[in-house]
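Notebook open, coffee ready. I want to look up a few buried spots and then see what the core is made of.

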Amino acid sequence: LVALGDPAALPALERRLAVEPAPRVRERLEAARVELRAVALQRARFVLQVGRMVNATSNPNPALAGVMTSTARARASFVPGAVLLEGPTDPLYARAVERKLPVLLLDGQLSRLSRASAPNGISLAANVEIVVRAVPSQALKATLRGSSTGTDTPAVLSSQARLAELESQVVGSAVESALRGAEGTLAGASK
């Protein structure tokens with residue numbers, strides 16, 4: 001992967017790194033990740049940073065903010081011209097600042113997660129809003145909105161795990177909806 005120098009391989013590499021049990025393989029994967037991130041930074045025109053994702057609904061599912069964060073990170077890693085960095089603690093952040101790359105922070109909120117009866121089952125609907133701000137000025141650059149629905153059989157209500165899985169799928173899809181096609185908006189916001 002490093003020999004190809006294609007930063008598009010980073011998401012797959014990071015997924016494997018998250019589950020790889022062998023220490024030597026993990027070391028090699030981590031080294032490849034570091035090199036590919038450096039290549040991505042060299043090619044980048046702006047930096048994306050995923051910030052705080054909040055579940056502002058009354059739904060008590062603690063996993064939803066994490067679903068929003070991981071989905072936003074996965075989607076942001078594919079934005080053309082952008083490099084995804086963790087923030088000031090990221091080893092590449094100082095190099096991005098040296099290059100005077102604009103930094104955009106993505107903060108999100110799950111504003112609605114509702115449940116309704118549907119023909120032959122139950123329907124969930126989610127709305128998210130992602131605010132794009134310039135760093136360090138915190139100037140508002142854009143607001144991205146997304147929504148998603150999902151249905152399942154009434155049996156989903158009898159299994160807390162199955163209901164939580166459906167909620168996570170619907171919320172993740174709403175985040176994807178907000179970021180789908182936002183490449184032009186993000187590139188424009190970086191100027």
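Note to self before I start: this is a predicted model.

**Entry 1, Asp107.** I looked up Asp107 and found it in strand 3, which covers residues 103-118. Is Asp107 buried or exposed? Its relative accessible area is 15%, and the cut-off for buried is under 20%, so Asp107 is buried. Next I checked its side chain: a polar atom there sits 2.7 Å from the backbone nitrogen of Arg52. Arg52 also turns up among the residues Asp107 touches further off in sequence, along with Gly51, Met53, Glu129, Ile130, Val131 and Arg133.

**Entry 2, Ala134.** This one belongs to strand 4, residues 121-135. I got 12% relative accessibility for Ala134, so it goes down as buried too. Beyond four places in sequence, Ala134 is in contact with Val103, Leu104, Ala139 and Lys141. I also took a C-alpha to C-alpha distance: Ala134 and Ala189 are 8.0 Å apart, with their positions 55 residues apart in sequence.

**Entry 3, the core.** Which residues touch the most other members of the largest nonpolar core? I wrote down Phe46, Leu48, Leu110, Val132, Leu144, Val171 and Leu186, out of 37 residues. Elements supplying at least two residues each include strand 1 (46-55), helix 3 (64-76) and strand 5 (140-152). Helix 5 gives the largest share, 8 residues.

I then picked Leu186 and listed its contacts beyond four places in sequence: Phe46, Leu48, Val79, Leu104, Leu106, Val132 and Leu144. Last thing I jotted down: there's a second, separate core of 18 residues, with Ala9, Leu17, Val47 and Tyr93 among them.

Definitions and conventions
Residues are numbered from 1 along each chain as its sequence is written. This is a predicted model: local features need pLDDT of at least 70, side-chain atom pairs count only at pLDDT 80 or more; totals for chains, interfaces and linings use all residues. Side-chain values use heavy atoms; hydrogens and water are left out. Helices (H or I, at least four residues) and strands (E, at least two) are DSSP runs, numbered from the N terminus. Buried means under 20% relative accessible area, exposed over 50%, partly exposed in between (1.4 Å probe, protein chains only). A polar contact is a pair of N or O atoms within 3.5 Å; within protein, one must be able to donate a hydrogen and the other to accept it, and residues adjacent in sequence count only if both atoms are side-chain atoms. Contact means heavy atoms within 4.5 Å. A nonpolar core is a set of buried Ala, Val, Leu, Ile, Met, Phe, Trp, Tyr and Cys residues joined through side-chain atoms within 4.5 Å.
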